Amino acid sequence: MADKLRLGLIGASVSGTWSSRSHLPAVRASSEVELTAVCTTRAESAEAARQAYGARLAFDDYRKMIASPEIDAIAVVVRVPSHYGPTKAALESGKHVYCEWPLGRTTAEAVELAGLAKANGLVTAVGLQARVNPAMMYLKEQVEAGFVGEVMAVHVGLMRDGVLSRPSHRTWQRDAELGANTLTIANGHTVDAMRFVTGDFARLSAVVATQAKQWLDTGANTWLDVTSPDNILLSGRLANGAVASVHIGAIPFAGSGYRMEIYGRDGTLVAMGEDSPQLSQVFLRGAQGSNTLAPIPVPERLTLAAPATPSGEAVNVGQMYTLFARGIRDGKSRQPTFATAVELHRLVDAIKEASDNGREVTFA
């Protein structure tokens with residue numbers, strides 16, 4: 001491998017996408033990753049991305065980009081239903097892969113991709129960026145160091161506004177079968193952050209509901225039927241014995257943002273943000289042996305993204321690229337991998353099962 005990890009990014013549109021808001025600026029700022037190539041479905045948009053972000057190569061066919069000997073790793077930053085094809089092709093070609101979450105449209109796709117990566121000895125990363133958010137990393141350290149003592153209760157909430165309408169390019173998410181909705185994305189990221197910090201569920205009950213059964217397509221000014229869930233409520237016990245409750249919702253107006261509260265025998269820790277922790281900055285507060293929460297600063301040592309990384313959504317993605325590149329160099333994966341993704345896919349399946357069957361699900 002060259003001095004920098006040579007990356008080819010699939011889904012490199014420059015116009016308002018997740019890629020243009022996070023991946024492309026994060027890689028451009030990186031001191032450890034080079035944006036060698038970009039790929040979109042059209043030659044003109046690929047060339048526009050190449051010029052805008054300083055890539056050396058542009059492709060309109062991901063198969064040709066994957067075949068290039070000038071590329072060490074592939075980033076797959078396209079719609080969820082399209083993750084499987086390019087990720088599988090990259091792994092079969094011996095390329096390391098960073099794929100956004102969810103890894104596949106289904107758990108079966110995720111299991112296949114994780115197995116292929118393992119069989120080929122490749123380093124993977126999955127876009128569960130809350131696990132590399134500096135505040136969440138420090139929160140995990142504090143729990144493990146005993147700040148709250150025995151964890152007794154955990155409560156997590158994320159309420160996002162704007163559920164009643166979508167621009168035309170996002171109305172495809174109304175179909176639950178396509179795998180990109182509040183259950184898989186907002187809930188997946190936010191519950192995974194809790195799992196990362198406090199440990200996994202031992203058993204849970206769930207309600208998965210579609211409260212807004214139509215969306216207004218703001219481009220076409222038409223109402224569309226919706227099957228994707230928009231409210232997820234979980235209750236259960238964690239493996240460490242703590243009780244846990246979670247409410248992730250997409251609601252019409254005035255969402256309250258993100259909050260995770262961890263209550264222990266010796267103290268309390270609270271994490272707060274404007275949006276889910278993979279996207280936004282998170283602030284920590286804590287109390288030990290008292291009822292007064294005080295701010296907890298996050299050490300600079302946990303900021304791994306390059307200093308030139310723009311603030312906002314690019315930060316945690318930059319964190320991930322740093323760890324991905326280092327993992328390829330030294331063979332020690334410190335970032336969430338495809339195996340992490342499979343675990344979360346299975347948890348999401350269990351949540352749906354618990355809701356559909358109206359009974360508690362237990363984990364061995």
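The legends below accompany several close-up views of a predicted model.

**View 1. An open sheet of 3 strands, in the order β8-β10-β11.** The pairing within this open sheet is mixed. Strands of a sheet pair through backbone hydrogen bonds, and they may do so in either a parallel or an antiparallel way. At the edges stand β8 (165–166) and β11 (222–225), and because each has a single partner strand, one side of each is left without a neighbour in the sheet. Strand β10, which covers residues 214–217, runs antiparallel to β11 and is joined to β11 by 4 bridges. When following this pairing by eye, a student can look for W215, which stands opposite L224 in β11.

**View 2. The surroundings of T171, in the loop between β8 and α7 (182–198).** Is T171 buried or exposed? With a relative accessible area of 7%, T171 is buried. Once its neighbours within four places in sequence are left aside, T171 is in contact with R166, W215, D217 and L224. Two of these residues, W215 and L224, are the ones that stand opposite each other in the pairing of the previous view.

**View 3. Strand β7 (residues 151–161) and its pairing with strand β14 (residues 257–264).** These two strands, β7 and β14, pair in the antiparallel sense over 8 bridges, and V154 is found opposite I262 in β14. With strand β13 (residues 243–251), by contrast, β7 pairs in the parallel sense, over 9 bridges. In that parallel pairing, R160 stands opposite A250 in β13. In a regular strand, the side chains alternate between the two faces of the sheet.

**View 4. Helix α6 (residues 134–144), a helix that is mostly covered.** How many of the 11 residues of α6 are buried? The count is 8 of 11, and the buried residues include P134, A135, M136 and M137, together with Y138, L139, Q142 and V143. An α-helix has 3.6 residues a turn, so residues three or four places apart point the same way. At the start of α6, a side-chain oxygen of N133 comes to within 2.9 Å of the backbone nitrogen of A135. After the helix comes G146, whose phi is positive, near 90°.

**View 5. The cysteines C39 and C99, neither of which is in a disulfide.** A disulfide is a covalent bond between the sulfur atoms of two cysteines. The model has 0 disulfides, and for C39 the nearest cysteine sulfur, that of C99, is 14 Å away, whereas a disulfide would need the two sulfur atoms within 2.5 Å. C39 is buried, with a relative accessible area of 3%, and C99 is also buried, with a value of 0%.

Technical notes:
Residues numbered from 1 in each chain as written. Predicted model: local features only at pLDDT ≥ 70, side-chain atom pairs only at ≥ 80, totals over all residues. Heavy atoms only, no water. Pairing = 2+ DSSP bridges. Buried < 20%, exposed > 50% of the residue type's maximum accessible area, 1.4 Å probe, protein only. Contact = heavy atoms within 4.5 Å. Polar contact = N/O pair within 3.5 Å; in protein donor to acceptor, adjacent residues only side chain to side chain.
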